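Reader: I'd love a close look at the sheet in this model and at what packs around it. Could you take me through that part slowly, and then move outward from there?

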2 protein chains.
Amino acid sequence: MELITQEVLAGNRRALARALTIVEDGGPEASTLVRQLFSHSGRAHLIGVTGSPGVGKSTLVDALVTEIRKEGLKVGVLAVDPTSPFTGGAILGDRIRMQEHTLDRNVFIRSMANRGHAGGTALATYDAVRMLEAFGYEIVIIETVGVGQSELAIAQTADTTVLVLMPGSGDEIQAIKSGIMEIGDLFVVNKGDQLGASKTASEVIHSLELAHLPTSWRPPVLISIAETGDGMPEVWNAVKEHRQYLDQTGMLKERRKAKVQAELEELVAEMARTNLKASLEQSHIQDLLGQVLSREVDPHSAAEELMQELFGNEQQKIS
Amino acid sequence: MELITQEVLAGNRRALARALTIVEDGGPEASTLVRQLFSHSGRAHLIGVTGSPGVGKSTLVDALVTEIRKEGLKVGVLAVDPTSPFTGGAILGDRIRMQEHTLDRNVFIRSMANRGHAGGTALATYDAVRMLEAFGYEIVIIETVGVGQSELAIAQTADTTVLVLMPGSGDEIQAIKSGIMEIGDLFVVNKGDQLGASKTASEVIHSLELAHLPTSWRPPVLISIAETGDGMPEVWNAVKEHRQYLDQTGMLKERRKAKVQAELEELVAEMARTNLKASLEQSHIQDLLGQVLSREVDPHSAAEELMQELFGNEQQKIS
């Protein structure tokens, strides 16, 4: 592990790929790697990009990478794709579009499989970002598919969250009204050459006016055609303006503190989960499961018993 | 709490509404209620309905309720809607379509807000189902918006999971190929009067043929027009056939055992999370947070220290 750490810091791309696989898998190896590289992380600006399937997120990320490269900045991309709880494979198809960047050594693109449950995937994302930062990437883009709760949580591991829509995204506008999309720092109506793009943008602006935004930042609403690059310089500029806002208001520190807090909560939850999983085969835990199934013990009481069992004092152990 | 329990069992709809609010909020009150009503739960067949925004899930659920009512069965519907981490309000708009059932005392429809993180929402769903079962509903439909990881997890709290698509749902078919939609026990291409419905159905069938399905159940792929009720008797029949399959193969018991296991894991994780949140303001925990922010301590080491602190033996406590 010491070797991988050194190689990542030395700029070895293969070592980085290996490090990403390790943190994706989680477990003690991942923890060791994070411990060794943590002091080299925290340097990049993190951009989260999310939106419903079909709005053109990947194309937009691709075009954004092109903009960022014009300034000579090194970019890492993590695409967190939906995967099966059974097969664990990531959708790699649309990553093929990013081929134009594959020869650029200052761009690194990685599709990440998720860990089967939302919390675990968010944790893997935090750690994967650290690997990219330790390697030297100055901008990291975290792309998530879908606008579900966990996907938004993953996008929120970023400093700046970009929500991508397309003309006629009525459901998303509904979501803005209801508040789910308040977390966007920047809204982009992509496929801007399609009918109704400016109408959709106006609707977003209107919804945002009605929303109770948590800070004084007014999210810009932009129109882009990622396919041709139209509007992309404006998107990149808006990201930079948001970064400036975060720096000037002290919000960056505040956000990062909130993220550390969220990560620690998730890590503690994950440890409890892992601990239980490791003990599941024990006969008295199987007995308890059986009692819940036969409705003799309710799940809440069973969970309390398990917590006591897994983490309580020695004297209080049931076994 | 004892009173609410009695009133729910006596069939008081107001008490049921109150009970649902309590389990939605979580905490000790919810646990008490679950303890009191748990022995009366587990009786209903649970149907999960999920799919991307715009495929017509709500209309389909509405039409399914109509089918189920024809057989005189009592139906409860839980619609888990996306909500803001800030405002906490649920999208109620499309529930208005269900008005035709509002005068039917044997139908109960409830929009549930989510709890801000995926695990918590799944837990609230388990408990809300129990309230509906204790009240006497024989079928409970759990509708979730979106096909994100957490939304699928919520749909999977059901016995039978129905995945709703519409003509041209290319991204979803991609998702089936990659495995995320393997969890569907039944696929419905809704809006069957739109162009390409049978092509989409064929694509789903083809994708399922290529997928490694976890059981011997071959998920039926149906076409419906929920708006007019076309194809809905077939959907309801397929649900019943799936229930029969689950009963005959012993899979129902197996699935319910797996669900109890998943719920206990989530409850234990939630307890760890709650414990940490309750202690966050303590100065030495704030110090630890500060050390992570200044990169003196990495998050994995900090989480281990916190676990020891929160659940370790008295002697090992830091404070």
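Author: Happy to. In chain A, the strand order is 3-2-4-1-5-6-7, an open sheet of seven strands with parallel pairing. Please keep in mind as you look that this is a predicted model. The edges of the chain A sheet are held by strand 3 (107-112) and strand 7 (221-223), each of which pairs on one side only. From one strand to the next, the twist averages 20 degrees.

Now let us step inside the sheet. Strand 1 (residues 45-51) of chain A pairs with strand 5 (residues 160-165) of chain A in the parallel sense, over four bridges. If you want a place to put your finger, find A:Thr50, which stands opposite A:Leu163 in strand 5 of chain A. Strands 1 and 5 of chain A also meet a helix: helix 9 (residues 232-249) of chain A lies across strand 1, strand 5, strand 6 (186-189) and strand 7 of chain A. Helix 9 of chain A runs at about 170 degrees to strand 6 of chain A.

Chain B offers a sheet to set beside this one. Its seven strands form an open sheet in the order 3-2-4-1-5-6-7, with parallel pairing. At the edges of the chain B sheet stand strand 3 (107-112) and strand 7 (221-223), each with a single partner strand, so one side of each is left without a neighbour in the sheet. The twist in chain B averages 20 degrees from one strand to the next. The edge strand 3 of chain B pairs in the parallel sense with strand 2 (residues 75-80) of chain B, and six bridges join them. Within that pairing, B:Val80 has B:Met112 in strand 3 of chain B as its bridge partner. Turn next to helix 8 (residues 197-210) of chain B, which packs on the sheet and touches strand 5 (160-165), strand 6 (186-189) and strand 7 of chain B. The direction of helix 8 of chain B makes about 170 degrees with that of strand 7 of chain B.

Moving outward, look at the N-terminal helices. In chain A, the axes of helix 1 (residues 2-9) and helix 3 (residues 28-37) come within 10 Å and cross at roughly 45 degrees. Helix 1 and helix 3 of chain A are therefore oblique to each other, and their crossing is right-handed. Here A:Ile4, A:Thr5 and A:Val8 of helix 1 of chain A meet A:Leu33, A:Gln36 and A:Leu37 of helix 3 of chain A. By class, that contact has four nonpolar, two polar and no charged residues.

In chain B, try helix 1 (residues 2-9) with helix 2 (residues 13-25): their axes come within 8 Å and cross at roughly 125 degrees. Helix 1 and helix 2 of chain B are therefore oblique to each other, with a left-handed crossing. Helix 1 of chain B brings B:Ile4, B:Glu7 and B:Val8 to the contact, while helix 2 of chain B brings B:Ala15, B:Leu16, B:Arg18 and B:Ala19. The residues of this contact divide into five nonpolar, no polar and two charged.

Finally, a wider view of chain A: its domain assignment gives domain 1 (42-250) and domain 2 (263-316). Five residues from domain 1 of chain A and five residues from domain 2 of chain A make up the contact between them. On the domain 1 side of chain A, the touching residues are three nonpolar, two polar and no charged.

Note on methods: Residues are numbered from 1 along each chain as its sequence is written. Chains are lettered from A and ligands numbered from 1 in the order in which they are written. This is a predicted model: local features need pLDDT of at least 70, side-chain atom pairs count only at pLDDT 80 or more; totals for chains, interfaces and linings use all residues. Axes are lines fitted to C-alpha atoms, for helices over the stretch in contact, and angles run from 0 to 180 degrees between N-to-C directions. Helices (H or I, at least four residues) and strands (E, at least two) are DSSP runs, numbered from the N terminus. Angles under 35 degrees count as roughly parallel, over 145 as roughly antiparallel, 65 to 115 as roughly perpendicular and the rest as oblique. A crossing is left-handed if the near helix is turned anticlockwise from the far one by less than a right angle, and right-handed if clockwise. Two residues are in contact if their C-beta atoms, placed from the backbone, lie within 7 Å. Ala, Val, Leu, Ile, Met, Phe, Trp, Tyr, Cys and Pro count as nonpolar, Asp, Glu, Lys and Arg as charged, and the others, Gly among them, as polar. Domain bounds come from an automatic or database domain assignment. Two strands pair if DSSP finds at least two bridges between them.
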